[in-house]
Structures are given as C-alpha cells and as structure tokens.
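Reader: I've got a new model open and want to learn how to read its features. Can you walk me through it?

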Amino acid sequence: MSTLADLVALVAAELRDAAHAVWSEDEIVMHLRSALGDWSRAVPRRLAAVLPAEAGRREYDLAPLKGLMEVTDVWYPYDVAHPPEAPSRPAWSLPCDGVLRLEGVDAPQGDGSDDLRVFYTAAHTIEGLDGAAATTLDAQGEALVALAASAQAALQVSQAAIGTVTVTGWAPKQYTEWAALRLEAYRRALDELCRRAAGDARVVWG
C-alpha cells in the first residue's frame with residue numbers, strides 16, 4: 001500500500017507539478033485529507049471488535065474502536081471461545097458520543113462468556129497522514145482519492161490564477177475544465193462502486 005509521500009508524489013505528477021512550483025506539499029496533503037474524508041463517508045471500512053464485559057456494567061466506552069464512524073450492530077452475550085451459531089442482538093443505544101449502552105437485557109456477569117461484539121464503520125487512513133500507521137485503501141481507493149485530490153487542487157488554484165501567468169502555463173479556465181472532468185470521473189466511479197455494493201448481499205467485516 002502507498003504511503004502519504006507516495007500519494008503526494010502521485011497527485012503532484014498528475015498536476016504536472018512534481019517540483020511543487022504551484023502546489024506545496026502541505027497543500028496537496030490538505031486536498032488528500034479532504035478526498036480521504038469524502039471516500040470514507042461513501043465507502044467506509046466495515047469492522048468488528050469485541051469489547052470485554054464488566055460485571056454489572058451496561059455502558060461501554062467506544063474509544064477502543066479507532067476511526068469509529070457509526071455502530072451498525074451489537075451481538076450480546078458473545079463468547080469468543082464459543083461463538084454462538086445464532087447471535088443474540090439486544091436493544092442498545094448511544095446515549096452520548098463514544099458510549100454504547102445495553103438496553104432491556106440483564107447486566108453482564110463479566111466472566112468472559114458475555115462480552116459484546118460490536119460491528120461498526122470506520123474512516124480510512126493513509127500511512128503518515130495524521131499519525132496513521134497504515135494505509136487501509138485498496139488500489140482502486142488510492143487511485144480515486146488521488147484523482148479527487150488533484151481535482152480539488154486544480155479548483156483551488158484556478159481562482160488564484162485569474163489574471164496571472166502560471167508556472168505551468170495553464171490558464172484559470174483550463175484548470176477549471178480539467179478539474180471538472182476529473183471530479184466527474186471520480187463521482188462516476190464512486191457511484192458505480194456504491195451501486196455494486198448496494199446490490200451485493202454479502203457483507204465482509206474485518
């Protein structure tokens with residue numbers, strides 16, 4: 001998988017600005033961060049984790065679920081050593097940010113046989129961006145995030161370039177038209193990916 005440095009270089013190459021004469025590395029990182037957020041909202045990671053139960057406790061801190069965006073399902077009670085064939089799905093709520101509460105069931109005994117298995121969506125990461133240790137994008141995700149970032153960068157500079165002579169020789173109109181074509185290609189690819197995912201009954205959880 002690519003690192004932040006790899007993706008910065010890819011975006012700069014697509015902008016024909018490998019020497020960063022027009023866009024600084026920091027500006028490209030900003031656009032990559034924005035594009036990654038857009039990608040994460042549309043195609044989030046789908047993960048599962050076990051939260052150890054504590055005797056008598058109904059509320060659990062979700063901080064261990066790194067990059068958490070949305071809780072989608074909860075299995076309880078859950079025994080890691082002997083996973084149930086037919087999981088029980090109790091009522092649960094999110095009374096405040098970062099807290100999951102079990103509702104309408106007996107409080108856990110905390111003996112390891114009644115833990116909570118939580119299914120959730122999480123944001124993607126790029127190694128080296130905001131302290132992330134790994135890149136979670138696949139090859140398609142990397143390409144499309146770079147595509148969106150380059151389009152956003154071109155739109156950013158198109159306004160600043162009005163009435164000036166650019167280093168690359170591009171006119172503001174050329175920047176705008178080029179960015180629009182790339183954003184259109186990105187949206188088409190994203191829409192197609194979402195349609196395929198919606199039509200596939202299989203759901204793979206990490």
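Author: Sure, starting with contacts: contact means heavy atoms within 4.5 Å. Before we go on, this is a predicted model, where local features need pLDDT of at least 70, side-chain atom pairs count only at pLDDT 80 or more, and totals for chains, interfaces and linings use all residues. Residues are numbered from 1 along each chain as its sequence is written, and side-chain values use heavy atoms, with hydrogens and water left out.

Reader: Then which residues is Pro90 in contact with, leaving aside neighbours within four places in sequence?

Author: Those are Val74, Trp75, Tyr76, Leu102 and Val105. Pro90 sits in the loop between strand S3 (68–78) and strand S4 (91–96); strands are DSSP runs of E, at least two residues, and helices are runs of H or I, at least four, numbered from the N terminus.

Reader: Is Pro90 buried or exposed?

Author: Buried means under 20% relative accessible area, exposed over 50%, partly exposed in between (1.4 Å probe, protein chains only). Pro90 counts as buried because its relative accessibility is 9%.

Reader: And what about Asp73 in strand S3?

Author: Asp73 has a relative accessible area of 16%, so it is buried too. For polar contacts, look for a pair of N or O atoms within 3.5 Å; within protein, one must be able to donate a hydrogen and the other to accept it, and residues adjacent in sequence count only if both atoms are side-chain atoms. The Asp73 side chain makes one with the side chain of Arg89 at 2.6 Å, and another with that of Trp75 at 3.4 Å.
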